[in-house]
Amino acid sequence: MTDRQAQHEDRPTSPESPRRRRIVLPAIVFGVCAVLFALPTWTVVFAAAHWAPAVRVGGTVLAVAAFAALPTAMYLGHRPGPEGRRKDAWARIGDVLLGVVWIAFVWSALSLLLRLGLWLAGVEDPVRSRIVSVTTAVLVVVLALWGHYEAMRTPRVRHTTVRIDRLGARFDGLRVVLVTDTHFGPMDRTAWSHRLTDAVNALEPDVLAHVGDIADGSVDRRRQQAAPLESMLASAARVYVTGNHEYFGEAQEWLDHMENIGWNSLHNRHVVLHRGDDALIIAGVDDATAKGSGAPGHGADLDRALAGTDSTMPVLLLAHQPKQVADAVRAGVDLQVSGHTHGGQIWPFSALVRLDQPVVHGLSRHGARTQLYTSRGSGFWGPPFRVFAPSEISLLTLVAG
């Protein structure tokens, strides 16, 4: 060991980094919250509207209270630790506040265009600012109510025909139904789950696939909401793969639970459907985050999932994230089905999703053979709102090439 190495070994570990993280992270959170609340408050309450003092004081008090409540509720509701009703209650408060303030921020920013248009039309303040204020407030309320309705309604069925060149004639017309991103969580959606099951069964699927993110929480905590999954029917196969939310700590528990209620958990493995001389491989891989989660024995492994299969057979692959299609292209997969994106869930998050994923929703082609279908998801995560990103049950009709 050199003298320099010895000096390095003897140097005490500095406490600055953990201390800095404890300061910097809350500062960033409160800074972001301040921006999210400041613009809507300025737009609706202040600007140059010259509202009565009571309106300005009341609006300020409401904004400050919500500003303080949001990070508090999010921390108490989503912090690591034991689950419970109290934690779920805090999570619901935080999630609703987060959704509402995001909608308010976006449409307050867009109201600047209205303000500009009124200015160009010669409308003076305070009339101009009052028009912008009232219009923004009404839009936020309407979009929040409509967005919550869209999140809680039974998902619409989205029909898509997918032509697969290698698909055998006996599989022509195979009905594949996708359910994904149910995210059973702090808000009890047991009734919604039953309606979802009824809608799926009415489609009479041949293959039923849940493409991950079943729930946020343990099987015991979310068992009642997830129970209707046992009653979902398919004539040939019911298959499931993990999503990234399972890797918050409950992945193997959910894989085992789905097996126990009659689904095939495709934990880097496959099943083969046969109709006469024709065959279809249905493979599944772990989510892209599985390896980094530290869960023993987990990590997306397409080679393992396809081990022992006939390379001339068509392959339907379940992979939670659309960006996993790169591996599918290299393996010559015919069709990958994914979820994860929620279609953006609350506009304009779709633009941010596109920075991380190759596709936000719908059918797309990648490479010479591989097609990818990305579902907007059947449920929602966090804020109970869907704005310009409707939920869906995806019905794919496979057509032989």
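Q: Two strands pair if DSSP finds at least two bridges between them. In this predicted model, how many bridges link S6 and strand S7?
A: Strand S7 covers residues 278-284 and pairs with S6 in the antiparallel sense. A pair needs at least two bridges. For S6 and S7 the count is seven bridges.

Q: Which residue is the bridge partner of Arg-275 in S7?
A: Strands of a sheet pair through backbone hydrogen bonds, either parallel or antiparallel. S6 and S7 take the antiparallel option. The partner of Arg-275 in S7 is Asp-278.

Q: Which are the edge strands of the open sheet?
A: Six strands make up the open sheet, and their pairing is mixed. The order runs S6-S7-S8-S9-S11-S10. An edge strand here pairs on one side only, which fits strand S6 (269-275) and strand S10 (362-366).

Q: What does the twist average from one strand to the next?
A: The sheet in question is the open one, with the order S6-S7-S8-S9-S11-S10. From one strand to the next, its twist averages 20°.

Q: Are H7 and H8 parallel or oblique to each other?
A: Two packed helices are described by the angle between their axes and the distance between the axes. For helix H7 (residues 219-226) and helix H8 (residues 251-260), the axes are 11 Å apart and the angle is about 40°. Roughly parallel would require under 35 degrees, and roughly perpendicular would require 65 to 115. H7 and H8 are therefore oblique.

Q: How many residues of the contact of H7 with H8 are charged?
A: The crossing of H7 and H8 is right-handed. H7 contributes Val-219, Asp-220, Arg-222, Arg-223 and Ala-226, while H8 contributes Glu-253, Trp-254 and His-257. Three of these residues are nonpolar and one is polar, and the number charged is four.

Q: Are H3 and H4 antiparallel or oblique to each other?
A: The axes of H3 and H4 come within 7 Å and cross at roughly 135°. Roughly antiparallel starts over 145 degrees, and roughly perpendicular covers 65 to 115. H3 and H4 are therefore oblique.

Q: How many residues in the contact of H3 with H4 are nonpolar?
A: The crossing of H3 and H4 is left-handed. Residues of H3 in the contact include Ala-66, Ala-69, Leu-70 and Ala-73, and those of H4 include Trp-90, Ala-91, Ile-93 and Leu-97. Three residues of the contact are polar and two are charged, and the nonpolar count is twelve.

Q: Is Val-360 buried or exposed?
A: Val-360 sits in the loop between helix H12 (349-356) and S10. Its contacts beyond four places in sequence are Thr-341, Gly-343, Gly-344, Ser-350, Val-353, Arg-354 and Thr-374. The relative accessible area of Val-360 is 14%. The cut-off is under 20%, so Val-360 is buried.

Q: How far apart in space are Val-360 and Ala-279, C-alpha to C-alpha?
A: In sequence, Val-360 and Ala-279 are 81 residues apart. In space, the C-alpha to C-alpha separation of Val-360 and Ala-279 is 30 Å.

Q: Is Thr-160 buried or exposed?
A: Thr-160 belongs to strand S1 (residues 156-164). Leaving aside neighbours within four places in sequence, Thr-160 contacts Leu-363, Tyr-373, Leu-395, Leu-396 and Thr-397. Its relative accessible area is 14%. Buried means under 20%, so Thr-160 is buried.

Q: What is omega for the cis peptide bond of Asp-125 and Pro-126?
A: Most residues other than glycine have a negative phi, and most peptide bonds are trans. Pro-126 lies in the loop between helix H4 (85-120) and helix H5 (127-152). The bond from Asp-125 to Pro-126 is cis, with omega about 5°.

Q: Which residue does a cis peptide bond join to Pro-348?
A: Pro-348 is in the loop between strand S9 (335-338) and H12. Omega of the cis bond is about 10°. The residue joined to Pro-348 is Trp-347.

Q: Is His-50 buried or exposed?
A: His-50 has a positive phi, near 55°. Its place is the loop between helix H2 (16-45) and helix H3 (53-78). With a relative accessible area of 56%, over the 50% cut-off, His-50 is exposed.

Q: What is the relative accessible area of Phe-388?
A: Phe-388 lies in the loop between strand S11 (370-374) and strand S12 (392-400). Phi of Phe-388 is positive, near 55°. Phe-388 is partly exposed, with a relative accessible area of 46%.

Conventions. Residues numbered from 1 in each chain as written. Predicted model: local features only at pLDDT ≥ 70, side-chain atom pairs only at ≥ 80, totals over all residues. Heavy atoms only, no water. Helix = DSSP H or I, 4+ residues; strand = E, 2+ residues; numbered from the N terminus. Axes fitted to C-alpha atoms, helices over the stretch in contact; angles between N-to-C directions. Left-handed = near helix turned anticlockwise from the far one by under 90°. Contact = heavy atoms within 4.5 Å. Nonpolar A, V, L, I, M, F, W, Y, C, P; charged D, E, K, R; others polar. Buried < 20%, exposed > 50% of the residue type's maximum accessible area, 1.4 Å probe, protein only.
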